[in-house]
Amino acid sequence: MSGVLGIPGRSPRNVQVKISALQAIPNNATTAVAWASVNYDTSSFWDSAAPTRLTIPAGWGPTKVSLVGSLDFETNATGLRSITIQKNGTTRLVEAVLAASSAHFGMNASVHHLATGGDYFELMAYHNKGSAMNLQVSVFVPTFSLSVIG
């Protein structure tokens with residue numbers, strides 16, 4: 001069976017980006033994650049000139065997309081951690097907030113959303129441990145993906 005969700009004649013339209021080194025997140029500042037490279041990108045959603053964004057190509061839409069993000073914060077038991085998927089720099093689509101733990105700290109967020117050409121999405125990281133904190137790549141590699149689903 002070929003195509004998107006098994007629909008004949010429809011090619012998959014999706015992207016997944018990742019970080020490949022530690023990335024510092026300032027204390028008490030919601031920060032867009034800058035992606036270093038792409039695992040796959042079938043429709044030019046990611047551009048290294050705007051490394052925080054997954055952008056719907058001009059002329060598309062409206063179309064339904066599925067967005068999934070994952071982050072891995074360094075171990076520290078102070079404060080809160082959050083992960084947010086944001087649209088066009090201002091609209092928060094989904095956010096997960098957890099109290100810090102002395103154990104490994106991975107977080108995920110996902111949402112389905114209607115988008116049109118030019119819309120862009122970012123994965124935002126936040127913490128308030130008191131000083132800068134790194135996103136890690138040693139336990140699992142943080143990723144952000146977008147798939148067109150309708």
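Strand β10, residues 120-127, is mostly covered in this predicted model: eight of its eight residues are buried. Tyr-120, Glu-122, Met-124 and Tyr-126 point one way from the strand, while Phe-121, Leu-123, Ala-125 and His-127 point the other way. That fits a broader pattern: in a regular strand, side chains alternate between the two faces of the sheet. Here, the residues on both sides of β10 are buried.

Which strands pair with β10? Three of its partners are β3, β5 and β7, and the table sets them side by side.

| Strand | Residues | Sense of pairing with β10 | Bridges | A facing pair |
|---|---|---|---|---|
| β3 | 31-32 | antiparallel | two | Thr-31 and Ala-125 |
| β5 | 54-55 | antiparallel | two | Leu-54 and Phe-121 |
| β7 | 76-87 | antiparallel | seven | Gln-86 and Glu-122 |

Strand β7 is also the place of Lys-87. Is Lys-87 buried or exposed? Lys-87 counts as buried because its relative accessible area is 14%, under the 20% cut-off. Its side chain reaches the backbone oxygen of Leu-114 at 3.5 Å. Leaving aside residues up to four places away in sequence, Lys-87 touches Leu-93, His-113, Leu-114, Asp-119, Tyr-120 and Phe-121. Tyr-120 and Phe-121 bring us back to β10, where they point opposite ways.

Now for the nonpolar interior. In soluble globular proteins, nonpolar side chains tend to be buried together. The largest nonpolar core in this model has 29 residues, and those with the most contacts inside it are Trp-35, Leu-71, Phe-144 and Leu-146. At least two residues of this core come from each of β1 (14-18), β6 (63-73), β7, β9 (105-115), β10, β11 (133-135) and β12 (143-148). Strand β9 gives the largest share, five residues.

Trp-35 is a good place to start exploring. Not counting residues up to four places away in sequence, Trp-35 touches Val-17, Lys-18, Ile-19, Trp-46, Pro-51, Thr-52, Leu-71, Leu-123, Pro-142, Thr-143 and Phe-144. Among these neighbours, Leu-71 and Phe-144 are themselves listed with the most contacts inside the core, and Leu-123 belongs to the buried strand β10.

How far can you trust the picture? The mean pLDDT of the chain is 90, and 93% of its residues reach 70 or more. Residues 1-7 have a pLDDT below 50, and this stretch has 12 contacts in the model beyond near neighbours in sequence. Where pLDDT is low, the predicted coordinates should not be read in detail.

Notes: Residues are numbered from 1 along each chain as its sequence is written. This is a predicted model: local features need pLDDT of at least 70, side-chain atom pairs count only at pLDDT 80 or more; totals for chains, interfaces and linings use all residues. Side-chain values use heavy atoms; hydrogens and water are left out. Buried means under 20% relative accessible area, exposed over 50%, partly exposed in between (1.4 Å probe, protein chains only). Helices (H or I, at least four residues) and strands (E, at least two) are DSSP runs, numbered from the N terminus. Two strands pair if DSSP finds at least two bridges between them. A nonpolar core is a set of buried Ala, Val, Leu, Ile, Met, Phe, Trp, Tyr and Cys residues joined through side-chain atoms within 4.5 Å. Contact means heavy atoms within 4.5 Å. pLDDT is the predictor's confidence in each residue, from 0 to 100. A polar contact is a pair of N or O atoms within 3.5 Å; within protein, one must be able to donate a hydrogen and the other to accept it, and residues adjacent in sequence count only if both atoms are side-chain atoms.
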